[in-house]
Amino acid sequence: MGPKPQHVRAEETAVCVAVRVRPLLPKEVLHGQQSCVRIDPDQKTLTLGTNRHFQFQDVLDEACSQESAYNRCVQSLLESFFQGFNVTVVAYGQTGSGKTYSIGEASISSISDDEQGIIPRAMAEIFKLVDENDLIDYTIRVSYLEVYKEEFRDLLEVQTSNKDILIREDDKGNVGKL
C-alpha cells in the first residue's frame, strides 16, 4: 500500500487539474519507443523531455489503476454533487492519449469491473446513494458530450447532430443543453 492520496475538496478550488500518464501501447513498445515524460508523484510534477516541468494538483503514473484514478480525481466531487453543486469532469488530450479509457465505456460488456472507467463508477455510486436516501426525490440528467474541432456531439443521443446542441445556463443557475 502506498501513501494515502490527498483529495482536493470541491470547496477548496473551482478547478482541479490532474494528469494521467498512460503506459506505452504494445505497438509503441514493439517499435522501441520510449516515454518522453517523467513524473514525480511526491512533487506532483511532470517533466516533458529534460527541462519542461509542469505541476498539477495530482499526477497519476502509468501504473495507476482505474479505481485509484476515480478515487483520487472524481469521488470527492460526488459529495459536492449531492450538496447541490454542479460538477463536471473533463478528459482532455490528443487522439490516442487515453481519454476514452479513463472516462470509460459502460457499453463494452467485455470490460471487467477493475477496468471500468469514471462514468460507470460514478453512475453506480450515484444510484447507490440515491437508493440509500429514499426520503428525497431526485431528478438526474446526464450528458456525455464530445467536443471535437469546436463542435459538440452528445454521445448518448446518436441522432443529435452537432449543430443541434447548445449549452446554456438558465436564470436559476441550471446548466444544460438546449
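# Notes on the helices, sheets and salt bridges

1. Let me start with Lys-128, which has a relative accessibility of 49% and counts as partly exposed. Exposed would take a value over 50%, and Glu-132, at 52%, does count as exposed. The side chains of Glu-132 and Lys-128 form a salt bridge, with 3.5 Å from N to O. Both residues belong to helix H5, where they sit four residues apart, or about one turn of the helix. Keep in mind as you read on that the model is predicted.

2. On H5 itself: the helix covers residues 118-132, 15 residues in total. From the first C-alpha to the last, H5 reaches 21 Å, close to the 21 Å expected at 1.5 Å a residue. Which residues of H5 are buried? They are Ile-118, Pro-120, Arg-121, Ala-122, Ile-126 and Val-130. You'll notice that an arginine, Arg-121, is on that list. The packing partners of the buried H5 residues are helix H2 (66-73), helix H3 (75-82) and helix H4 (99-103).

3. H3 tells the matching story from the other side. Its buried residues are Ser-76, Leu-77, Leu-78 and Ser-80, and these pack against H2 and H5. So two serines and two leucines of H3 are buried, because each of the four has under 20% relative accessible area. After H3 comes Gly-84, with a positive phi near 100°.

4. Now the other salt bridges. A search of the whole structure turns up three, and one of them is the Glu-132 and Lys-128 pair from the start of this note. Another joins Arg-72 to Asp-58, with the closest N and O atoms 2.6 Å apart. Arg-72 is in helix H2 and Asp-58 is in strand S5 (residues 58-60), so this pair ties together parts that are 14 residues apart in sequence. As for accessibility, Arg-72 is partly exposed at 22%, whereas Asp-58 is buried at 7%.

5. The remaining pair is Arg-22 with Glu-28, whose side chains meet at 3.0 Å, N to O. Are these two residues buried or exposed? Arg-22 is partly exposed, at 28% relative accessible area, and Glu-28 is buried, at 14%.

6. Why are there zero disulfides? Take Cys-16: the closest cysteine sulfur, in Cys-73, is 6.5 Å from the sulfur of Cys-16, too far for a bond. A disulfide needs the two sulfur atoms within 2.5 Å, so this pair does not qualify. If you care about how accessible the cysteines are, Cys-16 is partly exposed at 42%, while Cys-36 counts as exposed at 51%.

7. There is an open sheet of three strands, ordered S2-S3-S4, with antiparallel pairing. Strand S2 (37-40) and strand S4 (52-55) are at the edges, each with a single partner strand, so each has one side without a neighbour in the sheet. From one strand to the next, the twist averages 20°. Strand S3 (residues 45-48) pairs with S4 in the antiparallel sense over four bridges. If you want a register check, Leu-48 has Arg-52 as its bridge partner in S4.

8. Strands S6 (residues 145-148) and S7 (residues 151-154) also pair in the antiparallel sense, over four bridges. Here Val-147 has Phe-152 as its bridge partner in S7. The hairpin of S6 and S7 has two residues between the strands, and Lys-149 takes a positive phi near 55° there. Put that phi beside the one near 100° at Gly-84 after H3 if you are going through the backbone angles.

9. Finally, the overall picture. The protein has five helices and nine strands, running β-α-β-β-β-β-α-α-α-α-β-β-β-β from the N terminus on. What share of the 178 residues is buried? The figure is 17%. For contacts with a separation of 6 or more, residues 24 or more positions apart account for 38%.

Definitions and conventions. Residues are numbered from 1 along each chain as its sequence is written. This is a predicted model: local features need pLDDT of at least 70, side-chain atom pairs count only at pLDDT 80 or more; totals for chains, interfaces and linings use all residues. Side-chain values use heavy atoms; hydrogens and water are left out. Buried means under 20% relative accessible area, exposed over 50%, partly exposed in between (1.4 Å probe, protein chains only). Two strands pair if DSSP finds at least two bridges between them. The expected span of a helix is 1.5 Å times one less than its number of residues. Contact means heavy atoms within 4.5 Å. A salt bridge is a side-chain nitrogen of Lys or Arg within 4 Å of a carboxyl oxygen of Asp or Glu. Axes are lines fitted to C-alpha atoms, for helices over the stretch in contact, and angles run from 0 to 180 degrees between N-to-C directions.
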